[in-house]
Every structure is written in structure tokens, then in C-alpha cells.
Amino acid sequence: MTTHRFTAIALVAICAAGAAHAGDGKKLYCWNENGHKVCGDALPEEAAGSSRSEISVKSGMHTGEVGRALTVDERAAAASAAEQAQAAADAEAARQRRDLAMVESYATEADLRRAYGDRINLLDDSLKASVLGETNLRLSLASLLDQASDMELSSKPVPPALTAKVRGQHDELLRQTRILAQQQRDRASLDGDLTDALARYRTLKQAQAGNAAGAAPAPATPPPG
């Protein structure tokens, strides 16, 4: 493809002549090349990624601006930002759906408090069971370790079955400890969750009441007696 390049004066003349002779779709392109503005009737391959202005030959008016092509890193950053924005929008939409379901599910604040109270009671019961389970596992593991220690002190080999029990009990204790830690985190956040839920519940209920009041027809004025 051959590109005809023009000076600024030639560009003005071409645009003036184009008003009488050029078709509506004819365009000129202007871009920076080595610090200088260059215009042409076609875009060369080496300028395809540069920012440029597009000018109608017929009217001499700017018809558009095209930004430079993004680098690989810039495209990756833009894609990551778009993904994060979409994830945030999805999370907000999900929160709004949950809030709407909450308002529709509980007629009063007392109902909402009771529901959270039930969750708190269930979690407290689970915590008690987990604490008891962890305690029993620790005692059992300590007993197995004592058996292995007594054998070693008596210069007796520790049976493979006992070694396997110690390892299995240790692994189970670690698993139970992780479960207990997660339950404790859930319980610690539950009071804050209730406070937040009540605040959102009140806001939505007030909005619903305001909408209902605005939609209610005005009372009819009785005719003069």
C-alpha cells in the first residue's frame, strides 16, 4: 500500500478541494512520527499502532481519535481490572439479592433476631462438640505417645501398628483443630453480621414503606355539605 504524505499546507488544500470532489467516506490520517505530525491518505503499517486523528476530506472536520495500541502488559492490566470490576459488580448484585430475600423472609426485626439466635445456638453447640472432640483427641494421642515412650525407654521396638496410630491420631487432631479455629472465627463474626443485617433490614423496610406511601392514592375530598 502506498501512502501519500502531506504537509499541513497541503492538507488544508486537499481538504478544501475535497469539499467539491471527494466522496463522503474519504479520510485523511494524522499521526506523530519522530516528534513530527504526519498526515496521509492511508495509514502505513508502522503507524498502525500509533494514536491518530481521522479527518474527513469532504468537510475538513475531525471525525475521530484513535488511541495507540496497548502493550501486552497494559492489555493484561486492563483485563485484570475488568475482571475485578465485574467480580465486584457480581458481589454487589448478590448482596442486594440476599438483602431482598431477607426482607421478604422476615416480617419483623424480632423474626430476624430469632433466626440469628438459632444460628448462634447451633454454632455454640458445634463449638462445644468440637472442643470436646479436640480434647479427647489430645488425650488419646498423649496416651499413645506414652506407650511408645515406655517401649523406647525399655529398649523395645515400637510396633508399626502403634506408630501408624500415633500418626493417624496426630493428623486427625490437626484436622479437628482447623475445624475448631474456623468455627471460632465464624462465631466471632456472627454478632457483627447480625448488626449489619439489622441495619440493612431497617433501611430496606423504610424504603419499602416510603414507596408504599408514595404509591397510595390521595384520599378523596368529600363534597361540600
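A residue is called buried here when its relative accessible area is under 20%, exposed when that area is over 50%, and partly exposed in between. The structure is a predicted model.

## Strand 4 and its partners

Strand 4 is mostly covered, with five of its five residues buried. Its side chains alternate: Arg52, Glu54 and Ser56 point one way from the strand, while Ser53 and Ile55 point the other way, and all are buried.

Strand 4 covers residues 52-56 and pairs with strand 5, residues 62-66, in the antiparallel sense over four bridges. Within this pairing, serine 53 stands opposite glutamate 65, and the bridge partner of glutamate 54 is glycine 64. The two strands form a hairpin with five residues between them. In the turn of that hairpin, glycine 60 has a positive phi of about 75 degrees.

Strand 4 is also joined to strand 2 by five bridges, and these two strands run antiparallel. Here tryptophan 31 stands opposite arginine 52. Tryptophan 31 has a further partner in strand 3, where valine 38 stands opposite. Strand 2 (residues 27-33) and strand 3 (residues 36-40) run antiparallel and are joined by five bridges. They form a hairpin with two residues between them.

## The chain as a whole

The chain has four helices and five strands. Read from the N terminus, the order of elements is β-α-β-β-β-β-α-α-α. Of the 225 residues in the chain, 22% are buried. The chain exposes about 15500 Å², and carbon and sulfur atoms supply 57% of that area. Among contacts between residues at least 6 apart in sequence, 62% join residues at least 24 apart.

## Nonpolar cores among the helices

The largest nonpolar core has eleven residues: Met102, Val103, Leu112, Tyr116, Ile120, Leu123, Leu190, Leu194, Ala197, Leu198 and Tyr201. Helix 2 (72-105), helix 3 (109-153) and helix 4 (160-215) each supply at least two residues of this core. Helix 4 gives the most, with five residues. Apart from this core lies another one, of seven residues, among them Leu141, Leu144, Ala148 and Leu173.

Two members of the eleven-residue core, Tyr116 and Ile120, can be followed further. Isoleucine 120, leaving aside its neighbours within four places in sequence, is in contact with Arg187, Leu190 and Asp191. The charged end of arginine 119 sits over the ring of tyrosine 116, at 4.8 Å from the ring centre. As for pairs between aromatic rings, the count comes to zero.

## Two glutamines in helix 4

Glutamine 176 lies in helix 4. Its relative accessible area is 12%, so it is buried. Apart from neighbours within four places in sequence, glutamine 176 is in contact with Ser130, Gly133, Glu134 and Leu137.

Glutamine 182 also has its place in helix 4. Its relative accessibility is 36%, and therefore glutamine 182 counts as partly exposed. The C-alpha atom of glutamine 182 is separated by 9.9 Å from that of leucine 127, a residue 55 places away along the chain.

## Positive phi in two loops

Most residues other than glycine have a negative phi. Asparagine 34 has a phi near 55 degrees, a positive value in a residue other than glycine. Asparagine 34 is in the loop between strand 2 and strand 3. Serine 155 has a positive phi of about 60 degrees although it is not a glycine, and it is found in the loop between helix 3 and helix 4.

How exposed or buried are these two loop residues and the two glutamines? The table gives the values.

| Residue | Relative accessible area | Class |
|---|---|---|
| Asparagine 34 | 75% | exposed |
| Serine 155 | 67% | exposed |
| Glutamine 182 | 36% | partly exposed |
| Glutamine 176 | 12% | buried |

Asparagine 34 and serine 155 count as exposed because their values, 75% and 67%, are over 50%. Glutamine 176, at 12%, is under the 20% limit and so counts as buried.

Key. Residues numbered from 1 in each chain as written. Predicted model: local features only at pLDDT ≥ 70, side-chain atom pairs only at ≥ 80, totals over all residues. Heavy atoms only, no water. Pairing = 2+ DSSP bridges. Core = buried A, V, L, I, M, F, W, Y, C linked by side-chain atoms within 4.5 Å. Buried < 20%, exposed > 50% of the residue type's maximum accessible area, 1.4 Å probe, protein only. Contact = heavy atoms within 4.5 Å. Phe/Tyr/Trp six-rings, centres within 6.5 Å; stacked < 30°, edge-to-face > 60°. Lys NZ or Arg CZ within 6 Å of the ring centre and 35° of its normal. Areas by Shrake-Rupley, 256 points an atom, 1.4 Å probe, with all protein chains shown as cover.
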